[in-house]
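Hi everyone, thanks for making the time. I'd like to walk you through one model this morning, going from its surface to its sheet and then to its charged side chains. Have a look at the screen first.

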Amino acid sequence: VVGRFHRVPGLWYLGQIVRYLLRPNSETQKIIDDLKASIGFVKPIVGIHVRRTDKLVIEAKLHRVEEYMDFVKDYYRTLETRPTEQKRVFVATDEVGVTREIKTKYSDYDVVFNEEAALTARRR
């Protein structure tokens, strides 16, 4: 199953090991839990990282929102055997307009994001 969503499954497994080794202590976990609650981060959810500012200038081409959302839709198709009350997508981005675009084009998804983090990333 991992191979469907990750080009290099071995890296995914390595990420799981690193995640275990770097698991947060109780104080840090509380900060994370509070943030998740404040932005509506509820499972099931798919996360995408859309970079638009520095990435485009230095190292990459523009990827349309539709390209990201194709992966999100594919993931939710795999969950169809399980009831999903609401499809959610967490958007990590340095461009707040991306979240508005997703909300407009994909109104059947609940778009979750941290606007403060996006604005902070943009100022750097």
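**A walk through the model**

Let's begin with one side chain: Leu 11, which sits in helix H2, the helix covering residues 9–21. Before I go on, please keep in mind that this is a predicted model.

So, is Leu 11 buried, partly exposed or exposed? Leu 11 counts as partly exposed, because its relative accessible area is 49%, and that class lies between the 20% and 50% cut-offs. Leu 11 also has company. Together with Val 8, Leu 14, Ile 17, Val 18, Tyr 20, Leu 21 and Leu 22, Leu 11 forms a nonpolar patch on the surface. Taken together, the residues of that patch have about 820 Å² of accessible area.

Let me step back to the whole chain. There are 124 residues, and buried ones make up 22% of them. The accessible surface of the chain is about 9200 Å², with 55% of that belonging to carbon and sulfur atoms. If you count the elements, you get 7 helices and 3 strands. In sequence order, the pattern reads α-α-α-β-α-α-β-α-β-α. And one more overall number: take the contacts between residues at least 6 apart in sequence, and 60% of them join residues at least 24 apart.

Now to the sheet. In what order do the strands lie? The order is E1-E2-E3, in an open sheet of 3 strands with parallel pairing. At the edges you find strand E1, residues 46–50, and strand E3, residues 109–112, each of which pairs on one side only. From one strand to the next, the twist averages 30°.

Let's zoom in on one of those pairings. Strand E2 spans residues 87–93 and runs parallel to E1, with 5 bridges joining the two. If you'd like a pair of residues to find on screen, Ile 48 stands opposite Val 91 in E2. Then look for helix H6, residues 97–105, which lies across E1, E2 and E3. Helix H6 runs at about 160° to E2.

While we're around E1, here is a detail in the backbone. Which residues does the cis peptide bond join? That bond links Lys 43 and Pro 44, with omega at about 0°. Pro 44 is in the loop between helix H3, residues 26–39, and E1.

On to the charged side chains. How many salt bridges does the structure hold? There are 8 salt bridges in the structure, and I'll show you three.

Let me take helix H6 again, as we have just met it. Glu 101 and Lys 105 both lie in H6, 4 residues apart, which is about one turn of the helix. Their side chains meet in a salt bridge at 2.8 Å, N to O. Glu 101 counts as partly exposed, since its relative accessibility is 25%. Lys 105 is partly exposed too, with a relative accessible area of 45%.

Next, helix H5, residues 65–78, where Lys 73 and Asp 70 lie 3 residues apart, again about one turn of the helix. The salt bridge between Lys 73 and Asp 70 has an N to O distance of 3.7 Å. Lys 73 has a relative accessible area of 27%, so it is partly exposed. For Asp 70 the value is 44%, so Asp 70 is partly exposed as well.

The third salt bridge joins Arg 64 and Glu 66, whose closest N and O atoms are 3.6 Å apart. Arg 64 is partly exposed at 48% relative accessibility, and Glu 66 is partly exposed at 22%. Now, which residues are linked with these in a network of salt bridges? The network takes in Arg 64, Glu 66, Glu 67, Glu 101 and Lys 105.

One last stop, in helix H7, residues 115–123, where you'll find Glu 116. Glu 116 counts as exposed because its relative accessibility is 63%, and exposed means over 50%. How far apart in space are Glu 116 and Val 96? Their C-alpha atoms are 9.5 Å apart, with their positions 20 residues apart in sequence, as in a separation of 20.

That's the tour. Thanks for listening, and I'm happy to turn the model around for anyone who wants another look.

Note on methods. Residues are numbered from 1 along each chain as its sequence is written. This is a predicted model: local features need pLDDT of at least 70, side-chain atom pairs count only at pLDDT 80 or more; totals for chains, interfaces and linings use all residues. Side-chain values use heavy atoms; hydrogens and water are left out. Two strands pair if DSSP finds at least two bridges between them. Axes are lines fitted to C-alpha atoms, for helices over the stretch in contact, and angles run from 0 to 180 degrees between N-to-C directions. Contact means heavy atoms within 4.5 Å. Patches are made of residues with over 30% relative accessible area and no salt bridge: like charges are joined within 9 Å, nonpolar side chains (Val, Leu, Ile, Met, Phe, Trp, Tyr) within 5 Å. Accessible areas come from the Shrake-Rupley method with a 1.4 Å probe; for residues, only the protein chains shown count as cover. A salt bridge is a side-chain nitrogen of Lys or Arg within 4 Å of a carboxyl oxygen of Asp or Glu. Buried means under 20% relative accessible area, exposed over 50%, partly exposed in between (1.4 Å probe, protein chains only).
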